[in-house]
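Here is a short tour of one protein model. Look at the fold as a whole before turning to the details below.

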Amino acid sequence: WNLELERALVEILLEHNTPYHRGGHGWSGEVWNMMVRIFHARHSYVKFSKYQLQEKEKEIKREYKMLREARKQSGVGWDEMRCMIQADAHLWDELTILFGSRINKFKSKPFPLFNLLGDLYDVHIVEGHYNFTSTSEPSQIAGVAHTETETEEVNRRFSHLLVK
């Protein structure tokens with residue numbers, strides 16, 4: 001896995017982040033099979049199994065949730081340009097107590113998918129399920145224009161990290 005492939009997976013998940021594709025307990029096996037086929041069509045040089053894509057989704061979701069909670073801690077900041085946690089040494093010690101040693105890799109590792117993952121998970125995590133109301137405005141949940149803008153921003157800011 002690399003940033004390009006992780007971003008590609010997130011983009012496919014966002015494309016299928018609809019009530020039709022994603023129920024209260026996530027995506028069905030049939031939808032996962034479809035997303036795997038799309039992933040392979042877009043990235044034919046890799047052949048990940050459905051299980052591998054599901055495990056990567058779980059991993060980035062765990063990391064997103066951990067970083068989202070870490071950002072809420074008093075004194076902890078977020079560098080938008082570098083997509084990294086900002087904290088003094090004593091705060092990193094507190095974060096390690098709260099989240100375990102897995103948080104420590106983010107002392108030096110950016111997490112450029114943070115905003116895209118917010119589009120994917122925040123409504124689902126906070127609400128526990130999709131809660132739609134009828135409005136005259138188009139839905140803003142994983143909106144295509146917003147997602148494309150976020151993707152372009154990630155591409156621009158982290159193009160040097162992508163494998164060419």
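The protein has six helices and four strands. Read from the N terminus, the order is α-β-β-α-α-β-β-α-α-α. The model is a predicted one. The protein has 164 residues, and 42% of them count as buried. Among contacts with a separation of 6 or more, 65% join residues 24 or more positions apart.

## Helix packing around α3

Two packed helices are described by the angle between their axes and the distance between the axes. Helix α3 takes part in two such pairs here, one with α1 and one with α2.

Take α1 first. Helix α1 covers residues 3–15 and packs against α3 at an angle of about 90°. The two axes are 11 Å apart. Angles of 65 to 115 degrees count as roughly perpendicular, so α1 and α3 are roughly perpendicular to each other. Which residues of α1 and α3 meet? From α1 come Glu 6, Leu 9, Val 10 and Leu 13. From α3 come Leu 53, Lys 56, Glu 57 and Ile 60. The residues of this contact divide into five nonpolar and three charged, with no polar ones.

Now α2. This helix spans residues 29–42. The axes of α2 and α3 come within 10 Å and cross at roughly 95°. Helices α2 and α3 are therefore roughly perpendicular to each other. On the α2 side, the meeting residues are Gly 29, Trp 32, Asn 33, Val 36 and Phe 39. On the α3 side, they are Lys 50, Leu 53, Gln 54 and Glu 57. This contact divides into four nonpolar, three polar and two charged residues.

Leu 53 and Glu 57 of α3 appear in both lists: they belong to the contact with α1 and to the contact with α2.

## The second largest pocket

Rolling a probe the size of a water molecule over the atoms shows where empty space is left. The second largest pocket has a volume of about 190 Å³. How many residues line the second largest pocket? Eleven do. Of these, His 25, Gly 26, Trp 27, Glu 57 and Lys 61 lie nearest the centre of the pocket. Strand β2 (26–27) and helix α3 (50–71) each supply at least two lining residues. The largest share, four residues, comes from α3. By class, the lining has two nonpolar, five polar and four charged residues.

Glu 57 links this pocket to the helix packing. Glu 57 lies among the residues nearest the pocket centre, and Glu 57 also takes part in the contact of α1 with α3.

## Buried residues

Several single residues deserve a look. The table lists their places and relative accessible areas.

| Residue | Place | Relative accessible area |
|---|---|---|
| Cys 83 | loop between β3 (77–79) and β4 (84–86) | 5% |
| Phe 106 | loop between α4 (89–99) and α5 (114–127) | 1% |
| Arg 7 | helix α1 | 10% |
| Arg 68 | helix α3 | 14% |
| Ala 8 | helix α1 | 6% |

Buried means under 20% relative accessible area. Is Phe 106 buried or exposed? At 1% relative accessibility, Phe 106 counts as buried. Leaving out residues up to four places away in sequence, Phe 106 touches Glu 63, Met 66, Leu 67, Met 84, Trp 92 and Phe 111. Phe 106 and Ile 85 are 21 residues apart in sequence, yet their C-alpha atoms are 6.9 Å apart.

Cys 83 is buried too, at 5%. Cys 83 is not a glycine, but it has a positive phi of about 55°.

Two of the listed residues belong to α1. Arg 7 is buried, at 10%. From Arg 7 to Leu 117 the separation is 110 residues in sequence and 9.7 Å in space, C-alpha to C-alpha. Ala 8 is buried at 6%. Ala 8 touches Phe 39 and His 43, not counting residues up to four places away in sequence. Ala 8 and Ile 38 are 30 residues apart in sequence and 10.0 Å apart in space, C-alpha to C-alpha.

Arg 68, in helix α3, is buried at 14%. Arg 68 and Trp 78 lie ten residues apart in sequence, with 10.0 Å between their C-alpha atoms.

Technical notes
Residues numbered from 1 in each chain as written. Predicted model: local features only at pLDDT ≥ 70, side-chain atom pairs only at ≥ 80, totals over all residues. Heavy atoms only, no water. 1 Å grid on protein atoms, 1.4 Å probe; cavity = no way out; pocket = protein on both sides within 12 Å on 5 of 7 lines; lining within 4 Å. Points joined across faces, edges and corners; volume = space filled by probe spheres on them. Nonpolar A, V, L, I, M, F, W, Y, C, P; charged D, E, K, R; others polar. Axes fitted to C-alpha atoms, helices over the stretch in contact; angles between N-to-C directions. Parallel < 35°, antiparallel > 145°, perpendicular 65-115°, else oblique. Contact = heavy atoms within 4.5 Å. Buried < 20%, exposed > 50% of the residue type's maximum accessible area, 1.4 Å probe, protein only.
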